[in-house]
Amino acid sequence: MFNTALSWSDLVFLAHGAGMTLAVTAVSVAAGTVLGILFGVIRSQLGPYWAAPLTFVLDVFRSVPLLIQLVLGNALQSIMKLGWPPFTTSCVVLSLYTAAYCTEIVRGGIDSVPTTTRRAARSLGMSWFQDMRYIVAPLAIRVSLPTWIGLTLGVMKDSALVLWLGLIELLRASQILVTRLQEPLFILLICGAIYFIISLPIARLGGYLEKRWSPND
Amino acid sequence: MIEIENVRKSFGSLEVLKGINLTVKKGEVVTVIGGSGSGKSTLLTCINGLEPIASGKVVIDGTDVHAKSTDLNKLRQKVGIVFQQWNAFPHLTVLENVMLAPRKVLGMSKQKAEEIAVKQLTHVGLGEKLSVYPNRMSGGQQQRMAIARALAMSPEYMLFDEVTSALDPMLVGEVLDTLRMLASEGMTMICVTHEMKFAREVSDRVAFFHQGVMAEIAAPEQLFDAPEHAETKKFLAATH
Amino acid sequence: MFHYTFHWNQAFKALPQMLDGALVTLQIALLSMAIGLAVAIALTLFRLSGSRILGGFATAWIEVARNTPALFQIYMAHFGLGNFGIHLSPFTSLLVGIAFNNAGYLAENFRGALKAIPDTQARAGRSLGMTSLQAFRLIVMPQMLRVAFLPVTNQMVWAILMTSLGVTVGMNTDLAGITQELNARSFRTFEFFAIAAVIYYVIAKAVTLAARAFASRMFRY
């Protein structure tokens, strides 16, 4: 039989790590999406010229490695004496990072709604908000949801980097076990399998929605 | 000469050609009319071997198209086809679109291919558009380019598959004019079309297809003015 | 307000060192892209081959590359291969990890690009007497390259950003690694990493702009 020093409590340790991965991901995606919707609406409302400063800032978040962003975020909170624990810092940085991508998705979704459709809504006497709420949002969500699910999966994978700030998430937990048990391949395979188990249902949902909502239905 | 003998063809359980017999002589213009799903477009793709057939025979100048030993690439140089969707190659200019096959398939020199391409493009009225990319042109212009592209291979036979069906009504005329010109020059052509007026003008014979069968074939005056088959009468009444 | 004095001078003195690191970063990114592109073409052909073994291998590679963190893939190269007595240097681990990731994503892009070219294009080529190979080479492939170009550029930017992960396996010659070393010696974390961030941003933008300029020359239709 296959011999391993891996014990039941080690598996629980890994599960805790996975729990941390999920927690960081959930908080960041939730906050990032709210911000992303806000920024996305602002961007498409202001047009490319007036939204340029916002676009630039968000672009920085997409063009600088996340690891560097995490280090900078942590340094900044310590300079400002905010006293944030690593979890808070990680979530704040990841939320902004998520928001930067989500903004593009939201803007793309809004822009995908034909002007003629929106004009039709306004010509029926709908207010800007009603047009957004009843016409644009349902159509834009259809277009954006598959990409948004991709983003969620991406953030889940990228959240591994918070280990640099000392959070023990799934990958860090695996690394600790690797150092202790000296069975790198076996433990990393379990770690990879857990990532798969977490992401597969979400990916399947994305694929399903993409098929179901493809534009030519 | 194109000889079509008892050709049958099915897509799954649907038989689209139920034993077609037709002979087209050199210099002859035959148009094929009929409702959608009558099998008329499929016949064209069977003639140049783009689609295999279930049984029967297509013989072009003594060569059996569907025989295993036939070099289809060679045969297709002789039989040009233009589709409803013009299928311009978007990554090449108009001139390059037309030059590509003569150079790569016939192995012509660049100079010679260009000379021929310019000649054919001028012929279809696109002499001014040589360095333009297809997506900058109207559908009618792209379709004329597709015709020039086929003609640049100096084919002996031309097959036209509803070449005006995907065009705006305003652009149909310019493409039909090109076909009329070819017909008047003596090109052997089989045209599948919905343009009845055009069919009457250019054809030596008009064939009416109905549900995979060639229901009637006759000179245009006879087919249009005194159709014999009940389905032909129905079809003509509906389209007029 | 913050009771913190920024020491930018000290940080700027290290700029030449950091720029050297940036060159290493660019080098790893380019190498990993070259390897990634070659493997991605192979994986795409495997998928098209119709062989279940080759196809399964390609699918497994692509799924792992896309569904696990890039850092996990680097760890696999660095720690995981240790099981087979293979001990890669930080540089090689980083290169292997990123190349693995690139190959998976690029192969998926190629599949998308292949799908984007309608069958009628190859058919039009065949009807002009081209062989299927000619139709693919002269008509389908040039169009595919255009469709795949933007995703390939994006992957290149990703590769640059991913190189920063090397620091977690002890890489100390690339931009992130050098920055971290400087930081460990001086504790001017914010200053050093802010400069590193600017350099990463400039590299990423330069690559994007260069690719755009190249594309507008290459793809004029």
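Trainee: Let's start with chains A and C. How many residues of chain A are in contact with chain C, and which helix of chain A gives the largest share of that side?
Mentor: This is a predicted model, and in it 29 residues of chain A are in contact with 29 residues of chain C. Helices 2, 3, 6, 7 and 8 of chain A each give two or more residues to that side. The largest share, 9 residues, comes from helix 8 of chain A.

Trainee: Which class of residue do we see on the side of chain A that touches chain C?
Mentor: Count by class: there are 2 charged and 4 polar residues on that side of chain A. The other 23 are nonpolar.

Trainee: What about chain A itself, which pattern does it follow along the sequence?
Mentor: Chain A has 8 helices and 0 strands. Its C-alpha atoms fill a box of roughly 70 × 50 × 25 Å along the principal axes, and 41% of its 217 residues count as buried. Read along the sequence, the pattern is α-α-α-α-α-α-α-α.

Trainee: Of the contacts in chain A between residues at least 6 apart in sequence, how many join residues at least 24 apart?
Mentor: Two residues are in contact here if their C-beta atoms lie within 7 Å. With pairs at least 6 apart in sequence as the pool, the share in chain A that joins residues at least 24 apart is 78%.

Trainee: On to the largest nonpolar core. Which residue of chain A does Ala196(C) touch?
Mentor: The largest nonpolar core has 114 residues, and Ala196(C) is one of those touching the most other members, along with Leu67(A), Leu161(A) and Phe193(C), among others. Leaving out residues up to four places away in sequence, Ala196(C) touches Met18(C), Leu175(C), Ala176(C) and Thr179(C) within chain C. From chain A, its contact is Ile68(A).

Trainee: And the second, separate core, how many residues does that have?
Mentor: That core includes Leu44(B), Val82(B), Val94(B) and Leu95(B). Its size is 79 residues.

Trainee: Helix 7 of chain C spans less than a straight helix would. Where does the kink lie?
Mentor: A straight helix of 31 residues would span 45 Å, while helix 7 (residues 132-162) of chain C spans only 39 Å between its end C-alpha atoms. There's a kink of about 40 degrees in this helix, shortly before the proline Pro142(C). The kink lies at Val140(C).

Trainee: Over to chain B. Why is strand 3 called largely enclosed?
Mentor: Val29(B), Thr31(B) and Ile33(B) point one way from the strand, Val30(B), Val32(B) and Gly34(B) the other way, and all are buried. Strand 3 of chain B is largely enclosed by the rest of the structure because its buried residues number 6 of the 6.

Trainee: Which residues stand opposite Val30(B) and Thr31(B) in strands 8 and 9 of chain B?
Mentor: Strand 3 of chain B runs parallel to strand 8, with 4 bridges, and also parallel to strand 9, with 5 bridges. In strand 8, the bridge partner of Val30(B) is Ile190(B). In strand 9, Thr31(B) stands opposite Val206(B).

Trainee: Last one: which strands stand at the edges of the open sheet of 4 strands in chain B?
Mentor: The order is 2-1-4-5, with antiparallel pairing. Strands 1 and 2 of chain B are joined by 8 bridges, and Ile2(B) stands opposite Val24(B). The edge strands each have a single partner, so one side of each lacks a neighbour in the sheet; they are strand 2 and strand 5 of chain B.

Methods: Residues numbered from 1 in each chain as written. Chains lettered and ligands numbered in written order. Predicted model: local features only at pLDDT ≥ 70, side-chain atom pairs only at ≥ 80, totals over all residues. Buried ≥ 20, exposed ≤ 12 C-beta atoms within 10 Å, placed from the backbone. Pairing = 2+ DSSP bridges. Nonpolar A, V, L, I, M, F, W, Y, C, P; charged D, E, K, R; others polar. Core = buried A, V, L, I, M, F, W, Y, C linked by C-beta atoms within 7 Å. Expected span 1.5 Å × (residues − 1). Bend = angle between axes of the 7 residues up to and from the residue.
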